[in-house]
Amino acid sequence: MSIFTVKEGCVKCGLCSKLCIREIIQLGADGVPYGDSAKEGECIKCGQCVSFCPKSCCYLDFQEERVGVDIYTLPAASVSETFLRSRRSIRIYKDKPVDAATVLRILETVRYAPSASNMQPVRWVISMTREKTLEINKLIVESFRADVAALASVNHPRAVTVVSGWDKGQDVVFRGAPQLAVALVKKSHPFPEDASIALTYFELAAHAAGVGCCWGGIFTMAARGISAVRGLLGISEDEYIVGAQMFGYPDIKYGHILPPRKKIDVSFV
Ligand SMILES: Cc1cc2nc3c(=O)[nH]c(=O)nc-3n(C[C@H](O)[C@H](O)[C@H](O)COP(=O)(O)O)c2cc1C
């Protein structure tokens with residue numbers, strides 16, 4: 001029994017076979033596709049065969065959920081462009097937590113981000129409360145305080161301002177964000193950028209859901225070197241902290257002017 005089957009409705013277009021980058025799906029003499037069981041171990045489970053089948057009649061035995069997508073409701077290009085261009089880092093938040101259902105909805109979309117060989121290597125650790133995020137913040141500030149001279153001498157970005165800001169009542173690390181989503185991959189994973197892509201999806205899916213984000217660069221650099229933060233978040237030593245999104249409901253309205261940006265730097269060759 002193959003992992004790949006074709007049910008009624010196949011028009012023998014051969015697209016599934018053409019799309020199968022590991023050449024598992026072959027065409028029989030009659031033009032009907034079948035799975036070559038000798039190669040099935042190489043399947044990366046990308047699901048291109050099921051997604052692009054014009055008749056939705058390709059099936060994979062490991063696909064538990066078969067969710068339809070209405071491509072005809074895709075927004076016009078100009079609407080999508082406005083959506084993408086209007087995403088901004090949010091640094092002013094409401095004192096109202098984003099509930100678990102909304103966070104899960106965002107993560108459901110993140111699942112569809114691309115990853116090398118479709119490995120989907122990202123593990124998320126999410127601080128769901130302002131109190132937990134504050135606990136993390138305190139650990140970072142205290143660690144920086146203990147080491148501030150050394151950190152300043154190696155020009156650790158922002159270490160000094162994190163501590164002096166904290167003492168003045170400012171939150172330089174989280175900018176007041178009540179919640180935090182940390183993206184991890186195993187240190188052995190050859191493509192850590194998979195997690196950066198997932199973090200980008202997170203920020204955009206959050207934007208769609210009315211949730212504001214800001215990349216936690218200071219948090220990320222700090223957390224990589226502070227074992228107490230890793231411990232608090234349950235991050236093991238074999239995991240690499242790729243990045244984080246600080247998030248919450250924006251307590252600020254979007255304006256009407258896009259920010260300045262550099263000119264495009266591109267060579268068409
Ligand atoms: C990898 C990365 C790390 C960042 N770290 C921080 C940070 O620690 N604190 C912060 O306030 N903003 C941080 N930012 C947000 C940038 O400052 C912001 O994206 C940039 O100024 C452009 O503004 P916009 O996001 O509103 O378009 C980070 C952004 C990226 C991509």
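Here are some worked exercises on a predicted model of a protein with a bound ligand.

**Exercise 1. Overall layout**

Find the domains, the overall extent and the secondary structure of the protein.

*Solution.*
- Step 1: Start with the domain assignment, which gives domain 1 as residues 4-60 and domain 2 as residues 80-248.
- Step 2: Take the centres of domain 1 and domain 2 over their C-alpha atoms; 39 Å lie between them.
- Step 3: Lay the C-alpha trace along its principal axes, and the span comes to about 75 × 45 × 45 Å.
- Step 4: Go through the secondary structure, where you should find ten helices and eight strands.
- Step 5: Finish with burial: of the 269 residues, 36% are buried.

**Exercise 2. A nonpolar patch**

Which residues make the nonpolar surface patch of about 550 Å², and where does Tyr72 sit?

*Solution.*
- Step 1: The patch is made by Val69, Ile71, Tyr72 and Leu74.
- Step 2: Pick out Tyr72, which is found in the loop between strand E4 (58-60) and helix H3 (77-85).
- Step 3: The relative accessibility of Tyr72 is 74%. Exposed means over 50%, so Tyr72 counts as exposed.

**Exercise 3. The ligand site**

Describe the surroundings of the ligand, then its polar contacts with Arg88, Trp215 and Gly217.

*Solution.*
- Step 1: List the shell. The residues around the ligand are Arg87, Arg88, Ser89, Arg91, Arg175, Cys214, Trp215, Gly216, Gly217, Ile218 and Arg261.
- Step 2: Map the shell onto the fold: strand E7 (212-215) and helix H9 (217-225) each supply at least two of its residues.
- Step 3: Look at the side chain of Arg88, where an N or O atom is 2.9 Å from an oxygen atom of the ligand.
- Step 4: Turn to the backbone. A polar backbone atom of Trp215 is 3.1 Å from a nitrogen atom of the ligand, and a backbone N or O atom of Gly217 is 2.9 Å from a ligand nitrogen atom.
- Step 5: Consider the area. The ligand taken alone exposes 620 Å², and the protein buries 61% of that.

**Exercise 4. Salt bridges across the sequence**

Side chains of opposite charge can pair when their charged atoms come close. For the pairs Glu203 with Arg87, Asp95 with Arg130, and Asp238 with Lys186, work out which parts are tied together.

*Solution.*
- Step 1: Note the total for the structure, ten salt bridges.
- Step 2: Take Glu203 and Arg87, whose closest N and O atoms are 3.1 Å apart. Glu203 lies in helix H8 (residues 193-208) and Arg87 in the loop between H3 and helix H4 (100-110), so this pair ties together parts that are 116 residues apart in sequence. Glu203 is buried at 4% relative accessibility, and Arg87 counts as buried at 19%.
- Step 3: Move on to Asp95 and Arg130, with an N to O distance of 3.1 Å. Asp95 is in the loop between H3 and H4, and Arg130 is in helix H5 (residues 130-146), so parts 35 residues apart in sequence are tied together. Asp95 is exposed at 67%, while Arg130 is partly exposed at 32%.
- Step 4: For Asp238 and Lys186 the N to O distance is 3.4 Å. Asp238 sits in the loop between helix H10 (227-233) and strand E8 (239-248), and Lys186 in strand E6 (residues 179-186), so the pair ties parts that are 52 residues apart in sequence. Asp238 is partly exposed at 38%, and Lys186 is partly exposed at 42%.
- Step 5: Close with a network of salt bridges, which links Glu65, Glu108 and Arg111.

Note on methods. Residues are numbered from 1 along each chain as its sequence is written. This is a predicted model: local features need pLDDT of at least 70, side-chain atom pairs count only at pLDDT 80 or more; totals for chains, interfaces and linings use all residues. Side-chain values use heavy atoms; hydrogens and water are left out. Domain bounds come from an automatic or database domain assignment. Patches are made of residues with over 30% relative accessible area and no salt bridge: like charges are joined within 9 Å, nonpolar side chains (Val, Leu, Ile, Met, Phe, Trp, Tyr) within 5 Å. Accessible areas come from the Shrake-Rupley method with a 1.4 Å probe; for residues, only the protein chains shown count as cover. A salt bridge is a side-chain nitrogen of Lys or Arg within 4 Å of a carboxyl oxygen of Asp or Glu. Helices (H or I, at least four residues) and strands (E, at least two) are DSSP runs, numbered from the N terminus. Buried means under 20% relative accessible area, exposed over 50%, partly exposed in between (1.4 Å probe, protein chains only). A residue is near a molecule or strand if one of its heavy atoms lies within 4 Å of it. A polar contact is a pair of N or O atoms within 3.5 Å; within protein, one must be able to donate a hydrogen and the other to accept it, and residues adjacent in sequence count only if both atoms are side-chain atoms.
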